[in-house]
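Please look at the structure shown here with its open and enclosed spaces in mind. Where do such spaces lie, and which residues line them?

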Amino acid sequence: MTAASPASSLTLLRELIAFQSVSLHPNLDLMARIQARLAEAGIHSTLERNPDDPARTNLFASVGPADRPGILLSGHTDVVPVDGQPWQTPPFEATERDGRLYGRGSADMKGFVACAVQAMCNAARMPLQRPLLLALSYDEEIGCVGVRHLLRALEAQAITPPLLCIVGEPTLMQIGTGHKGKAAYRALCCGQAGHSGLAPRFVNALHTAADLISAMRDVQADIAAAGARESGYAIPYSTIHAGTIQGGKALNIVPSNCEVNFEIRHITADDPARILAMILARTQERIQLAPIAEATRAPAPPPQIEQMNAYPGLQTAENTPAVRLLASWLPAGTACTKVAFGTEGGLFQQTWANTPVVVCGPGSIEVAHKADEYIELEQLAACDHLLARLTASLCQPMLEDTD
């Protein structure tokens with residue numbers, strides 16, 4: 001059997017980069033192109049659309065016997081914006097130079113998507129004993145939004161849980177067996193508008209926001225000093241990060257509102273709700289110690305917290321048969337690692353508890369989301385080679401048949 005041609009994946013990747021599938025924007029045209037490519041190979045695919053915006057859609061396809069567990073390839077089709085970034089090449093036009101292909105999404109993660117679609121087309125010509133499945137989602141970059149609709153649809157269809165799920169985020173073709181979970185929050189700090197010349201009479205919303213952020217730093221210091229640890233991460237404990245703060249209208253007006261957006265990225269041993277409770281308790285302590293506004297004769301109200309998004313972490317044992325099998329298809333010495341970014345993998349694992357899920361794909365996360373994002377052509381070839389070996393294995397007894 002021949003390996004999937006890198007040129008074929010490269011050709012499709014060039015096409016995919018040209019689609020401006022930025023999160024929260026339509027990706028239907030891109031999915032239609034993928035559907036057409038699959039149809040050319042005789043593969044039926046279905047779209048699972050956003051119920052509020054049908055132009056944003058997921059795609060699911062399967063080739064091979066549907067009544068047996070197989071291997072699922074998962075990827076997202078949305079990309080982050082390019083606004084304000086100093087690109088030296090057209091971001092939505094593939095540019096090949098010095099062994100690299102430049103363009104938004106080349107690494108994160110249309111490179112893997114192109115390889116996975118090509119692998120599906122190759123598999124359609126092979127005597128598969130197990131299926132190869134493809135799941136492509138929308139709006140992953142803003143909190144794994146689309147895949148949740150897709151997983152609900154697959155559960156309703158009673159899809160046979162796969163033996164292995166590969167989320168093709170860029171790992172330089174290493175095997176990612178874990179990542180932290182994430183919970184994102186919006187805090188609204190309320191105060192009272194008033195003339196700054198009479199500032200002590202009023203509750204200053206910025207001061208409450210400062211108390212909140214100071215509390216985050218205190219709790220983070222406690223976690224760093226004595227919190228739970230999980231090996232394999234660059235930062236082996238849960239982290240708290242304040243990303244944006246907006247408040248105030250003018251220097252001479254006491255601000256009545258301030259919004260703080262923050263996140264908790266947590267290891268398996270930690271519950272983000274407990275960490276949030278610790279932050280709010282520390283915030284309240286600071287508020288109680290602050291001078292009481294003369295106009296209210298009461299402390300400032302606590303921040304109003306809204307959870308904006310959350311996804312679970314991923315944790316897969318390196319010694320599972322499926323992970324060992326995947327490692328056997330990669331070059332000797334390929335490392336298992338834990339990745340610093342979130343993926344849809346935890347949601348797949350949450351849906352199919354007995355399915356090993358890993359993160360493994362071409363390209364480097366170091367160049368993702370930046371100007372002049374690129375993927376090494378050698379990485380595409382390595383991914384094609386892996387998927388060719390994977391597809392060939394589906395023509396043979398595998399995993400529980402051979403254990």
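The paragraphs below go through the pockets and then the cavity.

This is a predicted model, in which local features need pLDDT of at least 70 and side-chain atom pairs count only at pLDDT 80 or more, while totals for chains, interfaces and linings use all residues. Residues are numbered from 1 along each chain as its sequence is written, and side-chain values use heavy atoms, with hydrogens and water left out.

The largest pocket (on a 1 Å grid over the protein atoms alone, an open set of points with protein on both sides within 12 Å along at least five of seven lines) holds about 800 Å³ of space, a volume being the space filled by probe spheres set on points joined across faces, edges and corners. Its lining, meaning residues with an atom within 4 Å of a point, comprises 32 residues, of which Glu-141, Lys-182, Glu-263, Arg-265 and His-369 lie nearest the centre. Among the strands (DSSP runs of E, at least two residues, numbered from the N terminus), S9 (181-190), S11 (239-247), S13 (257-266) and S14 (304-311) each supply at least two lining residues, and S9 gives the most, with 5.

The second largest pocket has a volume of about 360 Å³ and is lined by 20 residues, with Lys-338, Val-339, Ala-340, Phe-341 and Ile-365 nearest its centre.

There is also 1 cavity of 30 Å³ or more, a cavity being a set of points where a 1.4 Å probe fits but cannot get out. The largest cavity has a volume of about 30 Å³, and its lining consists of His-179, Lys-180, Tyr-233, Arg-265, Val-339, Ala-340, Phe-341 and Gly-342.

Definitions and conventions
Helix = DSSP H or I, 4+ residues; strand = E, 2+ residues; numbered from the N terminus.
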